[in-house]
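Hello,

I am passing a structure on to you, as you have not worked with it before. Please have a look at it first, and then read on.

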Amino acid sequence: MKTHLLLLPMLSLACVPALQAASPDLRPWESVVVQDSGRRKPMQTFGHEVLVNLSGRDPVAAIDGTQVGGSEFTVSMLYATRDWAGEPLILVSHRPLVGQLGLEATRKRFSRKELDGVMPQLEQLSREGAAMRRADPEGALPALNSEAQTVLQRIALFDSLADTSAFKIAPPPPGSPETATWLGIAELGAAYPPATSLPVLKRLRALNSALRSDDSTVLAGTVSALIDDLRALTPALYPPVRTVERELFYNRLRPFDSAMWLFAAGTLLVAAGARHGWRRWPLRAGLASSVAGFVIMVVGITLRVLIAG
């Protein structure tokens, strides 16, 4: 157990802003599976969702102007390559709440450090909202109390990313039910014997070095080996490669956005060519664009159903 405690801090070895100086291809990292909200999903999906939940957008702009997407954000949080607690990341969109907390009225995103100073007010508003909910379960909460609870949820999500407990990347031991909660990095040592957990922890340290090396080939090999080690913990609970690749394909295709643009282009082309008859190319191109949009939409619906299970 002492060995694991010594290894865990080494995940943040030489916590320099490595990802700010180097830009390795993070697509291999996006294939690592993490359990979140009861669903096993690729890191790409997880990164996008947590960034949107925290900030309302993906990517986000750091103080230095760098645009950081979901995949880079997750690996940066895991290895503490940037002082995210000082970045204006957490969304507080309700203007009256911003005023009530005494925050800068012209902004709607604030850093964890800034919000730390208004935690007593947020917690008080949350408690008042909870009391109202108990007194009238069917009634609507005042927006001020409801928004305070939402902001506290965002802060809790940020804190779980910062302490790595949100990164539940390891399946539970063999014999666990399929619905069992996955394990965070700090929980590996208690759930698995050293001979099983140490290779995963060492691989995570090697991943940190690969990210700092700016060598995409080394990074891809390290991530592939990490996924193999994680899958070997409990193969029956780890999603098949094809399942992960299907969701990554869906994310990159963005079928509904693509279909919308094809439908829009098709409508404009049909409108431009309709009065000239079938021999005019705008009409034919517009119809082709609309059909392509419909096909992509059907593909997107099919993939979404398969992903949802």
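Below is what I found, going from the whole chain to single helices and then to a few residues.

**The whole chain**

Please keep in mind that this is a predicted model. The protein has 309 residues, and 40% of them count as buried. Its secondary structure comes to 14 helices and six strands. Along the principal axes, the C-alpha atoms fill a box of roughly 80 × 50 × 40 Å. If you take the contacts between residues at least 6 apart in sequence, 59% of them join residues at least 24 apart.

**Helix α8 and what surrounds it**

A good place to start is α8, which covers residues 143–162. This helix has 20 residues and reaches 28 Å from its first C-alpha to its last, close to the 28 Å expected at 1.5 Å a residue. Its buried residues are Asn145, Ala148, Val151, Leu152, Arg154, Ile155, Leu157, Phe158, Ser160 and Leu161. The cover over those residues includes α3, α4 (70–79), β5 (90–91), α5 (95–101), α6 (112–116) and α7 (119–135).

Of these elements, α3 (residues 43–55) is the one I followed further. The axes of α3 and α8 come within 9 Å and cross at roughly 140°. The two helices are therefore oblique to each other. The crossing of α3 past α8 is left-handed. On the α3 side the contact is made by Phe46, Val50, Asn53 and Leu54, and on the α8 side by Arg154, Leu157, Phe158 and Leu161. Sorted by class, this contact has six nonpolar, one polar and one charged residues.

Leu161 is worth a click in the viewer. It sits in helix α8 and, at 0% relative accessibility, counts as buried. Apart from neighbours within four places in sequence, Leu161 is in contact with Phe46, Val50, Leu54, Phe73, Met77, Ala166 and Phe167. Leu161 and Thr74 are 87 residues apart in sequence, yet their C-alpha atoms are 7.9 Å apart in space. Just after α8, you will find Thr164 with a positive phi of about 70°.

Back in α3, have a look at Ser55. Ser55 is buried, with a relative accessible area of 1%. Beyond its neighbours within four places in sequence, Ser55 touches Val60, Leu89, Leu91 and Arg109.

**A second helix pair**

Further along the chain, helix α10 (residues 194–213) packs with helix α11 (residues 216–233) at an angle of about 160°, their axes being 9 Å apart. These two are therefore roughly antiparallel to each other. Here too the crossing, of α10 past α11, is left-handed. From α10, the residues that meet α11 are Thr196, Pro199, Val200, Arg203, Leu204, Ala206, Leu207, Ala210 and Leu211; their partners in α11 are Val218, Leu219, Thr222, Val223, Ala225, Leu226, Asp229, Leu230 and Leu233. The residues of this contact divide into 14 nonpolar, two polar and two charged.

Tyr192 lies in the loop between α9 (188–191) and α10. With a relative accessible area of 6%, Tyr192 is buried. Leaving out neighbours within four places in sequence, Tyr192 is in contact with Pro171, Pro172, Pro173, Pro174, Leu183, Ser197, Leu233 and Thr234. The C-alpha atoms of Tyr192 and Val68, by contrast, are separated by 34 Å, with the two positions 124 residues apart along the chain.

**Some backbone details**

Most residues other than glycine have a negative phi, and most peptide bonds are trans. With that in mind, here are some places to check.

- Ser37, in the loop between β1 (33–36) and β2 (39–42), has a positive phi near 55°. At 74% relative accessibility, Ser37 counts as exposed.
- Ala80 is found in the loop between α4 and β5, and its phi is positive, at about 50°. Ala80 counts as partly exposed, at 35% relative accessibility.
- Asp58 and Pro59 are joined by a cis peptide bond, with omega at about 10°. Pro59 belongs to the loop between α3 and β3 (60–61).

Enjoy exploring it, and do write back with any questions.

Best wishes

Methods
Residues are numbered from 1 along each chain as its sequence is written. This is a predicted model: local features need pLDDT of at least 70, side-chain atom pairs count only at pLDDT 80 or more; totals for chains, interfaces and linings use all residues. Side-chain values use heavy atoms; hydrogens and water are left out. Axes are lines fitted to C-alpha atoms, for helices over the stretch in contact, and angles run from 0 to 180 degrees between N-to-C directions. Helices (H or I, at least four residues) and strands (E, at least two) are DSSP runs, numbered from the N terminus. Angles under 35 degrees count as roughly parallel, over 145 as roughly antiparallel, 65 to 115 as roughly perpendicular and the rest as oblique. A crossing is left-handed if the near helix is turned anticlockwise from the far one by less than a right angle, and right-handed if clockwise. Contact means heavy atoms within 4.5 Å. Ala, Val, Leu, Ile, Met, Phe, Trp, Tyr, Cys and Pro count as nonpolar, Asp, Glu, Lys and Arg as charged, and the others, Gly among them, as polar. The expected span of a helix is 1.5 Å times one less than its number of residues. Buried means under 20% relative accessible area, exposed over 50%, partly exposed in between (1.4 Å probe, protein chains only).
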